Amino acid sequence: MSVLIFIDHADGHIKKASFEALTYGADVAKQLGVSAEGLLLGTVNDDLTSLGKYGITKIHQVNNEALNQLDAQVYAKVVEEAVASTGAKVVVFSHNQTGKAIAPRVAAGLKAGIVAGAVALPDTSNGFIVKKSVFSGKAFANVSITSDIKVISLNANSYKTVAGEGTAEINQLNIAVPASKIKITGVNKVSGEVPLTEAEIVVSGGRGLKGPENWGIVEDLAHVLHAATACSRPVADSHWRPHHEHVGQTGVQIAPNLYIALGISGAIQHLAGVNRSKTIVVINKDPEAPFFKAADYGIVGDAFEVVPKITEAVKKLKGV
Ligand SMILES: Cc1cc2nc3c(=O)[nH]c(=O)nc-3n(C[C@H](O)[C@H](O)[C@H](O)COP(=O)(O)OP(=O)(O)OC[C@H]3O[C@@H](n4cnc5c(N)ncnc54)[C@H](O)[C@@H]3O)c2cc1C
């Protein structure tokens, strides 16, 4: 019996969300007195053995380059096989786009209960109860999983990543990869310095910036902070910015370490996509803007005056 943690990767590198999932899965395993093992589909350039520092002893790899391109149906089938061959009883995913696409399919295939969006370790004192966030982070639910195999996907920034000592042994799993039912005809990569969903820092602009011609202040600040840029929905709807930058309930959901909101009111639908950020900084000229209630730091002021000053200060600090 083991806890199996899905290791997500893109462009040859393991995604940072997986480090959090590995730490979480290792602690679930410790709680249950079983081993924590990773599962990697495809190939990466990173050193897999070093992932042992997150508390796992073994990584099962399905070393097939066909798996370097995510196909949720194929991935789910391979994960199901891996669960069967490793005897895992708990399967942990990150609750990111990959995890959201695969975890429910795996749960359905294995007839397992699933908690999507877990925010804490399970309570195993009487059954297996997992706390999850609901209503866009406005409330929590405690969900009991009663099936033999349990699937959990972990919300980003819900569990502290801890790296210690240790190396993981690599075990090659011989699993036949089913033929894909889709054909990827092209991939358009989002241009920009940092991909939004992976960014540690995000600088985001709202309707308060008045128009696309003013986005220079957002881009300048993002550039010096090595941050990704984002925007509120009306900004994307007005074609001031591309839709892939729109964050919120109906846009991309992100959980960076730092989210800086410029001229955004903080409507509940916007917050739903950003309220898992570790630190939120709001710059708004209206002291009554609802976003200040969710902010860790706030500046009441005109973004056109405040933001260039912050950019200059960061430049000075970094000596650039
Ligand atoms: C079903 C549904 C889904 C939705 N999904 C989303 C979603 O996913 N994401 C999303 O963002 N919205 C979403 N919305 C829209 C949401 O309700 C808000 O209308 C939207 O977030 C407001 O965008 P905003 O804050 O940029 O603009 P506004 O509400 O117009 O706010 C602009 C802010 O800028 C401030 N400001 C003005 N000038 C300056 C200045 N010079 N300096 C500093 N501050 C200034 C103002 O004080 C104000 O607070 C959704 C709505 C619905 C009904």
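User: Among contacts in the protein chain between residues at least 6 apart in sequence, what percentage join residues at least 24 apart?

Analyst: The model is a predicted one, and its protein chain holds eight helices and 16 strands. When the contacts between residues at least 6 apart in sequence are taken together, the share that joins residues at least 24 apart is 64%.

User: What is the radius of gyration of the protein chain, and why does it agree with a compact globule?

Analyst: The C-alpha atoms fill a box of roughly 60 × 45 × 40 Å along the principal axes. For a compact globule of 320 residues one would expect a radius of gyration near 20 Å, and the value for the protein chain agrees with this because it is 21 Å.

User: How far apart are the mean positions of the positive and negative charges of the protein chain?

Analyst: The protein chain carries 30 positive and 29 negative charges. Averaging the positions within each group gives two points whose separation is 5 Å.

User: Which helix or strand gives the most residues to the largest nonpolar core?

Analyst: The largest nonpolar core has 30 residues, and Val3, Ile5, Tyr24, Leu51, Ile56, Ile59 and Val130 touch the most other members. At least two residues of this core come from each of β1 (2–7), α1 (16–32), β4 (35–41), β6 (88–94), β7 (113–118) and β10 (150–154). The element that gives the most, with six residues, is α1.

User: How many residues are in the other core, which includes Phe93 and Ile102?

Analyst: This core lies apart from the largest nonpolar core, and its members include Leu41, Phe93, Ile102 and Val106. In soluble globular proteins, nonpolar side chains tend to be buried together. The number of residues in this other core is 25.

User: Is Thr311 buried or exposed?

Analyst: Thr311 lies in helix α8 (residues 303–318) and, leaving out residues up to four places away in sequence, touches Asp220, Leu221 and Val224. Its relative accessibility is 5%, and because residues under 20% count as buried, the class of Thr311 is buried.

User: Is Lys30 buried or exposed?

Analyst: Lys30 has its place in helix α1, and its C-alpha atom is separated by 9.3 Å from that of Gly55, 25 residues apart along the chain. The relative accessible area of Lys30 is 65%, and since the class for values over 50% is exposed, Lys30 is exposed.

User: What percentage of the residues of the protein chain count as buried?

Analyst: The accessible surface of the protein chain comes to about 15500 Å², and 51% of that surface belongs to carbon and sulfur atoms. Counted by residue, out of the 320 in the protein chain, the buried share is 47%.

Methods. Residues numbered from 1 in each chain as written. Predicted model: local features only at pLDDT ≥ 70, side-chain atom pairs only at ≥ 80, totals over all residues. Heavy atoms only, no water. Helix = DSSP H or I, 4+ residues; strand = E, 2+ residues; numbered from the N terminus. Rg over C-alpha atoms; globule rule 2.2 N^0.38 Å. Buried < 20%, exposed > 50% of the residue type's maximum accessible area, 1.4 Å probe, protein only. Contact = heavy atoms within 4.5 Å. Areas by Shrake-Rupley, 256 points an atom, 1.4 Å probe, with all protein chains shown as cover. Lys, Arg positive; Asp, Glu negative; His and termini not counted. Charge placed at Lys NZ, Arg CZ, Asp CG, Glu CD. Core = buried A, V, L, I, M, F, W, Y, C linked by side-chain atoms within 4.5 Å.
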